[in-house]
Amino acid sequence: MLSKAVTLHAAELIVRGESTVVPLTWRATGPQGIFPVLSADLEVAALSPKITHLSLRGSYDPPLGAVGQRLDRLLLHRVAEATIRAFMRRLVESLADTVADG
C-alpha cells in the first residue's frame with residue numbers, strides 16, 4: 001500500500017440554510033509540483049435531527065504536464081478516489097464516535 005502524508009487546510013465555513021460548506025485544500029507534504037493539490041468543498045447538511053448528509057466535491061490538475069495527465073488517466077485518479085473514500089470513511093467514523101460519546 002502506498003501512502004503520502006498530506007496537509008489539510010480548512011478555510012472559513014460557509015453557512016447555507018441547513019447546510020455548512022467547509023472549503024478544503026489538500027496538499028502533499030514535501031517537494032511541491034510532484035503531487036496534485038486538491039481543492040474541494042465538504043458539505044454537511046442536516047436532513048433530519050438524526051440524519052446528516054456529507055458530500056465532498058473537488059478537483060485537481062495532475063502535475064508534470066502531459067506525462068502527469070497520462071499517468072492520471074491510467075492509474076493515479078484511482079489512487080485519488082481511494083484516498084478521498086478513505087478520508088470520508090474516517091470522517092464518518094469520527095463523527096459517529098463523537099455522537100456516541102456525547
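**Group meeting: one helix, five strands and two pockets**

Hi everyone. The protein chain I'm showing today has 1 helix and 5 strands. Please keep in mind that this is a predicted model. If you walk along the sequence, the pattern reads β-β-β-β-β-α, so to speak in the order you see on the screen. The chain has 102 residues, and 20% of them count as buried. Along the principal axes, the C-alpha atoms fill a box of roughly 50 × 30 × 25 Å. As for contacts between residues at least 6 apart in sequence, 29% join residues that are at least 24 apart.

Let's start with the helix. α1 runs over 65–101, and it has 37 residues. What would a straight helix reach at 1.5 Å a residue, and how far apart are the end C-alpha atoms of α1? A straight one would reach 54 Å, but the ends of α1 are only 47 Å apart. Now look at Arg-73: a kink of about 70° in α1 is centred there.

Which residues of α1 are buried? They are Gly-68, Asp-72, Phe-87, Met-88 and Leu-91. A quick reminder on spacing: an α-helix has 3.6 residues a turn, so residues three or four places apart point the same way. Back in our model, the buried residues of α1 pack against β1, β3, β4 and β5.

One strand residue leads us straight back to that helix. Ser-55 sits in strand β5. Is Ser-55 buried or exposed? Its relative accessibility is 14%, and the cut-off for buried is under 20%, so Ser-55 counts as buried. Setting aside residues up to four places away in sequence, Ser-55 touches Asp-41, Leu-42, Glu-43 and Met-88. You'll remember Met-88 from the list of buried residues in α1.

For the opposite case, turn to Glu-18, in the loop between β2 and β3. Glu-18 counts as exposed because its relative accessibility is 64%. Still, Glu-18 has partners beyond its neighbours within four places in sequence: Val-44, Ala-45 and Ala-46 are in contact with it. From C-alpha to C-alpha, Glu-18 and Ser-48 are 9.8 Å apart in space, with their positions 30 residues apart in sequence.

Now to the pockets. The largest pocket has a volume of about 1,000 Å³. Its lining counts 32 residues, and those nearest its centre are Lys-4, Phe-35, Val-79, Ala-80 and Thr-83. Which elements each supply at least two residues of that lining? Those are β3, β4, β5 and α1. The largest share, 12 residues, comes from α1. By class, you'll find 24 nonpolar, 4 polar and 4 charged residues around this pocket.

The second largest pocket has a volume of about 210 Å³. Among the residues lining it are Ser-48, Pro-49, Lys-50 and Ile-51, and also Val-92, Leu-95, Ala-96 and Val-99. β5 and α1 are the elements that give two or more residues to this lining. Here too α1 gives the largest share, with 4 residues. The lining divides into 7 nonpolar, 2 polar and 1 charged.

So much for the tour. If you take one thing away, let it be α1: the helix has its kink centred on Arg-73, and it gives the largest share of the lining in the largest pocket and in the second largest pocket. Thanks for listening, and I'm happy to go back to any residue on the screen.

Notes:
Residues are numbered from 1 along each chain as its sequence is written. This is a predicted model: local features need pLDDT of at least 70, side-chain atom pairs count only at pLDDT 80 or more; totals for chains, interfaces and linings use all residues. Side-chain values use heavy atoms; hydrogens and water are left out. On a 1 Å grid over the protein atoms alone, a cavity is a set of points where a 1.4 Å probe fits but cannot get out, and a pocket is an open set with protein on both sides within 12 Å along at least five of seven lines; lining residues have an atom within 4 Å of a point. Grid points are joined across faces, edges and corners, and a volume is the space filled by probe spheres set on the points. Ala, Val, Leu, Ile, Met, Phe, Trp, Tyr, Cys and Pro count as nonpolar, Asp, Glu, Lys and Arg as charged, and the others, Gly among them, as polar. The expected span of a helix is 1.5 Å times one less than its number of residues. The bend at a residue is the angle between axes fitted to the seven residues ending there and the seven starting there. Buried means under 20% relative accessible area, exposed over 50%, partly exposed in between (1.4 Å probe, protein chains only). Contact means heavy atoms within 4.5 Å.
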